[in-house]
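Morning, everyone. One chain today, and I'll go from the whole fold down to single residues. Please have a look at it first.

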Amino acid sequence: TDNYESNNTSGTAKTIAVNTNITAKIGTSSDKDWFKFTNTSAQRNIRIDLSGLPADYDVRLYNPSGTQVGISQNGGTTAEVINYNTTTVGTWKVQVYGYNGFYNNSVCYTLKASISASAFREGEEPVEAEMQQQTVAASLNIASVFPNPTNGKLNMQFVS
């Protein structure tokens, strides 16, 4: 069973808890799953993770005024990630859909909408890989500067 159906339109988006994995299905070729969550002034930055894909699924992020601000369209069953660092606070929406109508009515995908006070790094890897890189960087005393190129806001990460 898919506990989030019916959520096939923006208006019927189901509320999900932030920083928590949920599972749902794309059950037909026309199924599009919509979810909503809220960020806060203390935790404005957003990361969307779509994983455990049984088919080629993609994900979109919409801001509180309904404008698409992010999309991830990796091929095949590669996990999808959207990092969106913002100053906008409100109710955000996520749409999960099958590329070219792909679906699987028996296997669920996993979706996680994370919010954070710290900016999410573009191209950020899973936590385990990032921790391993930090350990190597610490032993080499390396600094990291991101994003590159920047749009006016630059982050630095270093070990002191």
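Let's start with contacts, meaning heavy atoms within 4.5 Å. Residues 24 or more positions apart account for 67% of the contacts in this chain with a separation of 6 or more.

Now the ground rules. This is a predicted model: local features need pLDDT of at least 70, side-chain atom pairs count only at pLDDT 80 or more, and totals for chains, interfaces and linings use all residues. Residues are numbered from 1 along each chain as its sequence is written, and side-chain values use heavy atoms, with hydrogens and water left out.

On confidence: pLDDT is the predictor's confidence in each residue, from 0 to 100. The chain has a mean pLDDT of 84, and 77% of its residues reach 70 or more. Residues 124-138 need caution. There, pLDDT stays under 50, and the model has 9 contacts beyond four places in sequence for that stretch.

Next, the elements. Helices (H or I, at least four residues) and strands (E, at least two) are DSSP runs, numbered from the N terminus. The chain has 1 helix and 11 strands. From the N terminus the order is β-β-β-β-β-β-β-β-β-α-β-β.

Burial next. Buried means under 20% relative accessible area, exposed means over 50%, and partly exposed lies in between, with a 1.4 Å probe and protein chains only. Of the 160 residues, 36% count as buried. The accessible surface, from the Shrake-Rupley method with a 1.4 Å probe and only the protein chains shown as cover for residues, is about 8,900 Å². Carbon and sulfur atoms hold 49% of that surface.

Now the sheets. Two strands pair if DSSP finds at least two bridges between them. One open sheet has 5 strands, ordered β1-β3-β8-β5-β6, with mixed pairing. Its edge strands are β1 (14-15) and β6 (68-72), each pairing on one side only.

Look at β5 in that sheet. Strand β5 is largely enclosed by the rest of the structure, because 5 of its 6 residues are buried. On one side, β5 pairs with β8 in the antiparallel sense over 6 bridges. R60 stands opposite Q95 in β8. Y57 has G98 of β8 as its bridge partner. Strand β5 also runs antiparallel to β6, joined by 4 bridges. Here L61 stands opposite G70. β5 and β6 form a hairpin with 5 residues between them. In the turn, G66 has a positive phi of about 90°.

The other sheet to show is open too. It has 4 strands in the order β2-β9-β4-β7, paired antiparallel. β2 (21-24) and β7 (80-84) are the edge strands, each pairing on one side only. Neighbouring strands are turned by 15° against each other on average, direction ignored; axes are lines fitted to C-alpha atoms, for helices over the stretch in contact, and angles run from 0 to 180 degrees between N-to-C directions.

Take the β2 edge. Strand β2 pairs with β9 (residues 109-116) in the antiparallel sense over 4 bridges. I22 stands opposite L111, and N21 stands opposite K112. In a regular strand the side chains alternate between the two faces of the sheet. β2 shows such alternation: I22 and A24 point to one face and are buried. N21 and T23 point to the other face and are not buried.

So what does T110 touch, leaving aside its neighbours within four places in sequence? T110 sits in β9, and its contacts are N21, I22, T23, D49, L50 and S51. T110 is partly exposed, with a relative accessible area of 21%. A79 is 31 residues away in sequence and 9.7 Å away in space, C-alpha to C-alpha.

Last, the core. A nonpolar core is a set of buried Ala, Val, Leu, Ile, Met, Phe, Trp, Tyr and Cys residues joined through side-chain atoms within 4.5 Å. The largest one has 23 residues. F35, F37, I48, V96, Y109 and L111 have the most contacts inside it. Two or more residues each come from β2, β3 (32-38), β4 (45-51), β5 (57-62), β8 (91-98) and β9. The largest share, 4 residues, comes from β9.

That's the tour. Thanks.
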